[in-house]
Amino acid sequence: MPEADPQDKAPSPASDAKSTKPDPDPPVSDDDPTPVPDSPVSAPPPPDSEHVHSQPIDMVIFNQILELDDDGTHDFSKDMVSEYFLQAAQTFTNMDKALADKELHDLSSLGHFLKGSSAALGLRHVQAACEKMQLYGDLRADETAAAGTLTEPDALARIEVLLPEAKAEYAEAKRWLEKFYAADLAQDDDAAAAAAAATEAPKA
């Protein structure tokens, strides 16, 4: 009997590699019904998240004010805001005078007054600044400190820095409110024009 050829017994390296190499991924065609999973995408940030943190108006409080308006108009709340603008302007003038005269008691009282009216409309940043002024006027570094923990020069120095900041916060809130009511007035004008056009008799 003839001896078997050794090449018939041992597999070739090519065939061995083929047997151990994993099968390549099948080609994906446009007609392949198997869905391809999307790559993971991080959830988008909340809309206007940066704007929400810098919003000068507490919308929970302001919306409660708007609910007091009648018949879809904002006459009542506009009157409140207009009165607040007058009060704030006069109060800041009085604060300037009290600071120049180094009247800490007056500064505390004025801060307390404007803090309350600002809180009523939701001007939270103005409210916070005025609360600090009230505390500094009472010679308190913060709400947990007892009266007299600050020296008068230290309290006046802090208010000197704080007062321009409070005015800047007020100016930002005032711009926001003016823009809100300007848009409201524009909508009222559009609605009035549409109503007039609807009631106008068609020409023959």
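The protein holds eight helices and zero strands. The model on display is a predicted one. Before any selection is made, colour the chain by secondary structure and follow it from its beginning: the elements come in the order α-α-α-α-α-α-α-α.

**The whole protein**

Show the surface next. About 14400 Å² of the protein is exposed, and carbon and sulfur atoms supply 57% of that area. Of the 204 residues, 26% are buried. Among the contacts with a separation of 6 or more, 63% join residues that are 24 or more positions apart.

**Y84 and F85**

Now hide the surface and display the aromatic side chains. Nine aromatic pairs are found when the whole structure is searched. Select Y84 and F85 to see one of the pairs: the ring centres are 6.4 Å apart and the planes meet at 55 degrees, so this pair is classed as tilted. A plane angle must be under 30 degrees for a stacked pair and over 60 for an edge-to-face pair, and the rest are tilted.

Are these two residues buried or exposed? Y84 has a relative accessibility of 2% and therefore counts as buried. F85 is buried too, with a relative accessible area of 14%; the limit for a buried residue is under 20%.

Keep F85 selected and add K174. K174 lies over the face of the F85 ring, 5.1 Å from the ring centre.

**F92 and Y170**

Move on to F92 and Y170. Their ring centres lie 5.5 Å apart with the planes at 55 degrees, so this pair is also tilted. Which helices does the pair connect? F92 belongs to helix α5 (residues 75-100) and Y170 to helix α8 (residues 152-199), so the pair ties together parts that are 78 residues apart in sequence. Both F92 and Y170 are buried.

**T91**

Stay with helix α5 and select T91, which lies in that helix. T91 has a relative accessibility of 4%, so this residue counts as buried. Which residues does T91 contact, leaving aside neighbours within four places in sequence? Display L110, F113 and L114, which are the residues in contact with T91 on that basis.

**The aromatic cluster**

For the last stop, select F62, W176, F180 and Y181. These four residues form one aromatic cluster. To examine the rings here or at the earlier stops, consider two quantities: a pair of aromatic rings is described by the distance of the centres and the angle of the planes.

Notes
Residues are numbered from 1 along each chain as its sequence is written. This is a predicted model: local features need pLDDT of at least 70, side-chain atom pairs count only at pLDDT 80 or more; totals for chains, interfaces and linings use all residues. Side-chain values use heavy atoms; hydrogens and water are left out. Rings of Phe, Tyr and Trp (its six-membered ring) pair if their centres lie within 6.5 Å; planes under 30 degrees apart count as stacked, over 60 as edge-to-face and the rest as tilted. Buried means under 20% relative accessible area, exposed over 50%, partly exposed in between (1.4 Å probe, protein chains only). Helices (H or I, at least four residues) and strands (E, at least two) are DSSP runs, numbered from the N terminus. A charge sits over a ring if NZ of Lys or CZ of Arg is within 6 Å of the ring centre and within 35 degrees of the ring normal. Contact means heavy atoms within 4.5 Å. Accessible areas come from the Shrake-Rupley method with a 1.4 Å probe; for residues, only the protein chains shown count as cover.
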